[in-house]
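Student: Could we take a close look at one part of this protein's surface? Short sentences, please.

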Amino acid sequence: MTAGMIGIFQEIVTLFAIVGVGYGAKKLRFMNDEFDRMLSKLVINIALPGMILGSVLTATELPSQTEVWLCLGLSVASNLVMFAVAYGFTLLLRIPDGHRGVYRFMLCFGNVGFIGYPVLSAIFGPDALIYAAVFNLPFNLFVFTVGAWFLTQDTDGDVKVQTTWRTFVTPVMLSCVAAVILTLTGIHYAPIAGDALSTLGSITTPAALLIIGSSLANLPVRELIGGPRLWTCSLFRLLGMPAVIWAVFHGFVPAGLMFSVAVVLAGMPVATNGTMLCYQYGGNSRVMAQGTFVTTVLALLTIPVLAGFVGMVG
């Protein structure tokens with residue numbers, strides 16, 4: 001466990017290093033707001049679909065069909081609970097109109113890949129990762145439908161994105177649907193296609209981190225860590241949401257690796273693709289970048305607490 005936690009710490013430091021490069025690139029004018037928007041568009045429409053499909057087509061094995069269905073069902077149910085909690089929490093905090101969508105996104109969608117996978121591997125071992133891969137299929141679908149809809153309800157400046165059903169029929173959403181279908185039909189290993197898609201998708205994380213750093217560079221240094229509402233939301237994201245998921249489901253979902261994966265993934269810092277989605281759907285990229293930064297810093301303290309909680313409740 002100790003060696004695993006050191007690995008997690010290294011992953012988070014790596015994340016901060018790339019965010020720092022993005023911050024410096026904006027200050028040195030290697031990046032600007034228009035470049036950020038175009039890079040976000042490239043990643044969301046090309047690299048992310050590759051990463052999602054590649055995660056299925058490079059998997060050498062999948063759980064049994066029964067476990068796949070159970071995992072998908074638990075994933076959908078836990079996401080629905082988080083949506084409801086996020087709505088209530090933002091009303092309780094009196095988040096002003098124009099920021100509610102960003103806060104709801106931050107509460108619902110965590111960094112389940114870059115940080116989530118190493119955390120699961122450190123706590124439970126590599127056997128947890130196959131459940132995480134299946135669990136994240138509905139998560140990816142929700143990010144680019146419900147999550148995108150959250151952001152369209154906000155305004156960034158004076159522009160509000162006008163939405164129709166076509167707004168959400170995007171390459172990344174279609175790739176999510178295809179990944180679910182492939183998993184349910186047992187198609188999961190195509191070495192050449194899978195490797196090509198994974199390689200294409202590998203630019204997603206560094207590009208997202210550069211964009212976060214570039215967005216933070218637009219803020220005065222004193223504003224990087226946000227205010228009391230952001231910190232309250234961040235702590236609830238990291239510790240409150242896992243507790244809610246455990247409290248809601250522990251009475252009728254059997255204790256075990258699958259349920260533990262669901263609880264741990266509910267406590268990850270804000271998803272790095274949130275800032276990119278703000279550029280595409282009109283959300284407040286400043287608040288999203290702050291939330292991503294703050295939750296990732298706090299995760300250094302909360303992940304050991306979360307690991308202890310899961311170990312205690314089984």
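Student: Which residues form a nonpolar patch on the surface, and how much accessible area do they have together?

Tutor: This is a predicted model, where local features need pLDDT of at least 70, side-chain atom pairs count only at pLDDT 80 or more, and totals for chains, interfaces and linings use all residues. Residues are numbered from 1 along each chain as its sequence is written, and side-chain values use heavy atoms, without hydrogens and water.

Your patch consists of F9, V13, L300 and L301. Together they offer about 360 Å² of accessible area (Shrake-Rupley, 1.4 Å probe). Patch residues have over 30% relative accessible area and no salt bridge; nonpolar side chains are joined within 5 Å, like charges within 9 Å. Two elements give two or more residues each: helix 1 (2–27) and helix 13 (285–313). Helices are DSSP runs of H or I, at least four residues long.

Look at L301. This residue sits in helix 13. L301 is exposed, because its relative accessible area is 62% (exposed is over 50%, buried under 20%, partly exposed in between).

Now follow helix 1 to K26. Helix 1 holds this lysine. K26 is buried, because its relative accessibility is 11%. K26 makes a salt bridge (Lys or Arg side-chain nitrogen within 4 Å of an Asp or Glu carboxyl oxygen) with D33. Their closest N and O atoms are 3.1 Å apart. D33 is partly exposed, because its relative accessible area is 33%.

K26 has another partner, D36. Here the closest N and O atoms are 3.5 Å apart. This pair links distant parts of the chain, 10 residues apart. D36 belongs to helix 2 (residues 33–57), and K26 to helix 1. Both D36 and K26 are buried. K26, D33 and D36 are thus linked in a network of salt bridges. The whole structure has two salt bridges.

For contrast with exposed L301, turn to T275. This threonine is found in helix 12 (residues 274–281). T275 counts as buried because its relative accessibility is 0%. What does T275 touch, leaving out residues up to four places away in sequence? The list is I211, I212, S215, S285, M288, A289 and T292 (contact: heavy atoms within 4.5 Å).

To recap the part you asked about: F9, V13, L300 and L301 make the nonpolar surface patch, and L301 is exposed.

Conventions. Buried < 20%, exposed > 50% of the residue type's maximum accessible area, 1.4 Å probe, protein only.
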